[in-house]
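Colleague: Please take a close look at the salt bridges for me, and at how they relate to the contact between the domains. I would like to follow them one pair at a time.

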Amino acid sequence: RAVAMSVSHSSRLNKLVREQYVRLPQDGLVQVTYVWIDGSGEGVRCKSRTLDKEPKSVEDIPEWNFDGSSTAQAEGSNSDMFLVPVCMFRDPFCLDPNKLVLCEVLKYNRKPAETNLRHTCKKVMDLVKDSHPWFGMEQEYTLLGINGHPYGWPDNGFPGPQGPYYCGVGADKVYGRDIVESHYKACLYAGVKICGTNAEVMPSQWEFQVGPCEGIEMGDHLWMARFILHRVCEDFGVVATLDPKPMTGNWNGAGCHTNYSTEEMRREGGLKHIEAAIEKLSKRHDYHICVYDPRGGRDNSRRLTGHHETSNIFEFSAGVANRGASIRIPRQVGQDGYGYFEDRRPAANCDPYAVTEAIVRTTVLNETGVETKDYADH
């Protein structure tokens, strides 16, 4: 009864009835679902339209618009915002030939909306394309009932202490695996570069990984993976939260560990380039903390305490195989002498465009201090 009470009403609708309609032929017409980031910088919105033929690339999908006053992105008196398609995926919910399309949001004057962080990220990634920056991001999230309580936790009290849940197996150790596996398959179908998943340290907490992705592709694929996660959870009647510390007390928070390398780091002898990049990052810790969550570090301050496999938010640290450091060099990389490193500071609710842009600005473009350069004229 407790589990039934924590799921949404719509999840109890008969899904077999829906299947009857999904299978109906479309006579060459195509549904395209436009997806964008709203004014919170964390939420995603979507709406759909019909095209008269299947788009072969994102260039075949027309711009559209929406009411920005209803997404905290515009005033009601001047509310139309532009949706500019930037990345197309197959639709795992309505199936082929239907599409999901990720969009940038532009204001009435064609300038990027405040939460459109892709715009500058793309400029920076184009500048450093010869360095071939690769990223892999590990998205942690927590499943909640619609009552806001972690899914599967006792109504009163707490589950047993952390220990048996990480990569766990068994009904008493993991909750919601059906959701995780459905999300994984949906991402594979869509063409999202998802590369793995596992149960996390806190019960009801999970992680999926996206990558390797080069440049702007990292943000595009992680945002679409997040959209698909929220849609899958909607079908199951639960909520996925990216809050970096959903439960206070002796429970792990949720991060978005970011693995990174450039071409020279991946070559023989690349460890010296990895160490040089870490040195640059050490001198710009405050700047990175400010862009690694949507609230200038306030969200991460609840998570980066120096406990529960995190570094302290006020101190920069690095080490081989050290999960309590700001930057971890994997043991294999230390042995091989080349590869990649992991920035463990980004919060689960970070904007991947902001994170990847910041890393590249510091390690490739050699920016220092808390200000960023505008490369628009170059």
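Modeller: Lys99 is buried, at 8% relative accessible area, while Glu54 is partly exposed at 30% (buried is under 20%, exposed over 50%, partly exposed in between, with a 1.4 Å probe and protein chains only). This is a predicted model, in which local features need pLDDT of at least 70 and side-chain atom pairs pLDDT 80 or more, while totals for chains, interfaces and linings use all residues. Numbering starts from 1 along each chain as its sequence is written, and side-chain values use heavy atoms, leaving out hydrogens and water.

Glu54 and Lys99 form a salt bridge, their closest N and O atoms 3.0 Å apart (a side-chain nitrogen of Lys or Arg within 4 Å of a carboxyl oxygen of Asp or Glu). Glu54 sits in the loop between β2 and β3 (64-67) and Lys99 in strand β5, so the pair ties together parts 45 residues apart in sequence (DSSP runs numbered from the N terminus: helices H or I, at least four residues; strands E, at least two). In total, the structure holds 25 salt bridges.

Another pair joins Glu367 to Arg284, with 3.1 Å between the closest N and O atoms. Glu367 belongs to the segment after α11 (352-363) and Arg284 to the loop between α7 (271-282) and α8 (285-291), so this bridge ties together parts 83 residues apart in sequence. Both Glu367 and Arg284 are buried.

Now to the domains, 1 (9-115) and 2 (125-364), whose bounds come from an automatic or database assignment. Their C-alpha centres are 26 Å apart, and the contact takes 22 residues from domain 1 and 23 from domain 2 (heavy atoms within 4.5 Å). Together they bury about 2000 Å², 69% of it on carbon and sulfur atoms (accessible area lost on being put together, 1.4 Å probe, summed over both). Glu42, Phe89 and Phe93 lose the most area on the side of domain 1, together 33% of what that side buries.

The rule finds 1 salt bridge across this interface. Glu42 forms a salt bridge with Arg295, the closest N and O atoms being 2.8 Å apart. Arg295 is partly exposed, at 34% relative accessibility, and also meets Asp299 in a salt bridge of 2.6 Å, N to O. Asp299 itself is buried, at 7%. Through shared partners, salt bridges join Glu42, Asp243, Arg295, Asp299 and Arg302 into one network.

How values were computed: Buried area = accessible area lost by both parts, 1.4 Å probe.
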